[in-house]
Amino acid sequence: GHPPPEDRRSTLHAMSIVDPFGVMETSANVASMKALEESEEARDAMIVLAADVHLDQPATLTALRTLFEGFLAVDSVPAMVVLAGNFSSKPFGQYPGDRDEFRKRFDALADLIAAYPAIATATHFVLVPGPHDPGAARVLPRQSIPPYFVSRLLDPAIVARVTITTNPCRIRFFTQELVFFRADLSTRLRRRAIVPPLPPPPDKELHEHMIRTVIDQAHLCPLPLSVQPVYWAYDYALRLTATPDVLVVAEDGDPYEFEYSSAFVLNPGSFGADTAFMVYRPATREAEQSYIRPPAAAAFT
């Protein structure tokens with residue numbers, strides 16, 4: 001059996017800290033941050049989540065264009081857009097010319113964002129690499145996409161705020177901690193299960209078993225090193241102590257949302273395969289699952 005889960009508040013109290021990021025060190029800092037969190041701008045904030053953004057597929061760029069136009073049509077600009085890999089439908093490095101092609105795809109993404117000035121100047125874009133994107137070997141935590149490929153995207157004259165980050169990554173949104181991880185965890189854990197998880201679906205979905213395992217173990221990848229190598233000096237980046245407010249596990253399969261202990265766990269689905277994405281509203285801790293409709297229909301559901 002697993003150790004019992006511990007909610008975030010209990011862990012922080014036991015550790016005698018109020019913020020693992022070290023930004024809020026006193027109760028006065030927390031009160032000040034909560035006051036900012038109650039502002040109108042914070043209450044209206046939206047975070048858009050999309051994974052498997054295959055930039056080598058023209059349909060993906062068309063869907064992104066529809067996504068941006070849909071938000072602008074309702075006069076609503078996302079505070080943040082998190083785009084997770086894989087950023088190509090084919091693993092990087094298997095074909096001649098992949099290096100130049102990959103860079104061209106991100107140049108096209110930068111130009112697409114720049115075509116919508118309201119979004120290019122106000123929205124913070126975060127790019128999380130996938131297992132088949134360029135970078136170091138398949139060791140966790142995975143380093144960010146090398147600057148060579150995203151130099152145009154990092155030009156503040158084109159897109160004002162862009163962060164090319166690692167996998168996993170952590171973001172603090174006022175008082176909330178959000179963890180983003182691009183990995184097919186349910187599949188990998190299922191392959192190595194000694195006995196089938198009980199109860200089986202539909203009594204309990206496979207992703208529920210995965211979430212309970214990860215949260216109970218307080219680690220994003222509870223697999224042996226022979227299966228999943230880890231940079232030992234950076235293993236702390238995979239730990240979930242304290243339990244985050246929001247855990248986004250971008251993996252293959254249908255989208256889902258699930259609450260366990262004090263964590264709200266989300267999977268936005270595949271943008272490249274199904275044009276699926278998710279909108280998270282931090283003020284209400286609610287997630288909205290959406291899909292891009294064909295051009296003849298409305299922008300998105």
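1. Six strands make up an open sheet with the order β4-β3-β2-β1-β10-β11 and mixed pairing. β4 and β11 (286-291) sit at the edges with a single partner strand each, so one side of each has no neighbour in the sheet. From one strand to the next, the twist averages 20 degrees. On terms: helices (H or I, at least four residues) and strands (E, at least two) are DSSP runs, numbered from the N terminus, and two strands pair if DSSP finds at least two bridges between them. For the twist, axes are lines fitted to C-alpha atoms (for helices, over the stretch in contact), with angles from 0 to 180 degrees between N-to-C directions.

2. Before going on, note that this is a predicted model, where local features need pLDDT of at least 70 and side-chain atom pairs count only at pLDDT 80 or more, while totals for chains, interfaces and linings use all residues. Residues are numbered from 1 along each chain as its sequence is written, and side-chain values use heavy atoms, with hydrogens and water left out.

3. Have a look at strand β3 (residues 124-128). Four of its five residues are buried, so β3 is largely enclosed by the rest of the structure. Buried here means under 20% relative accessible area, exposed means over 50%, and partly exposed is in between (1.4 Å probe, protein chains only). Strand β2 (residues 80-84) runs parallel to β3, joined by five bridges, and Leu83 has Leu127 in β3 as its bridge partner. β3 also runs parallel to strand β4 (residues 161-164), this time with four bridges; there, His124 is partnered by Arg161 in β4.

4. At the other end of that sheet order, strand β10 (residues 276-281) pairs with β11 in the antiparallel sense over six bridges. Phe277 stands opposite Ser290 in β11. As background, strands of a sheet pair through backbone hydrogen bonds, either parallel or antiparallel.

5. There's another open sheet, with five strands in the order β5-β6-β7-β9-β8 and again mixed pairing. Its edge strands are β5 (169-173) and β8 (256-260), each of which pairs on one side only. The twist here averages 20 degrees from one strand to the next. Within this sheet, β6 and strand β7 (residues 246-250) run parallel and are joined by five bridges, with Val179 matched to Leu247 in β7.

6. Helix α1 (residues 8-15) is worth a closer look. Its buried residues are Arg8, Thr11 and Leu12. They cover an arc of only 95 degrees around the axis, which puts them on the same side of α1; the arc is that of the directions from the helix axis to the C-beta atoms. In general, an α-helix has 3.6 residues a turn, so residues three or four places apart point the same way. The buried residues of α1 pack against β6 (176-182), where contact means heavy atoms within 4.5 Å. Arg9, His13 and Ala14 are exposed, on the face of α1 turned away from its buried side.

7. What happens at the ends of α1? At the N-terminal end, Asp7 acts as a cap, with a side-chain oxygen 3.1 Å from the backbone nitrogen of Arg9. A polar contact is a pair of N or O atoms within 3.5 Å; within protein, one must be able to donate a hydrogen and the other to accept it, and residues adjacent in sequence count only if both atoms are side-chain atoms. Following α1 comes Ser16, with a positive phi near 60 degrees.
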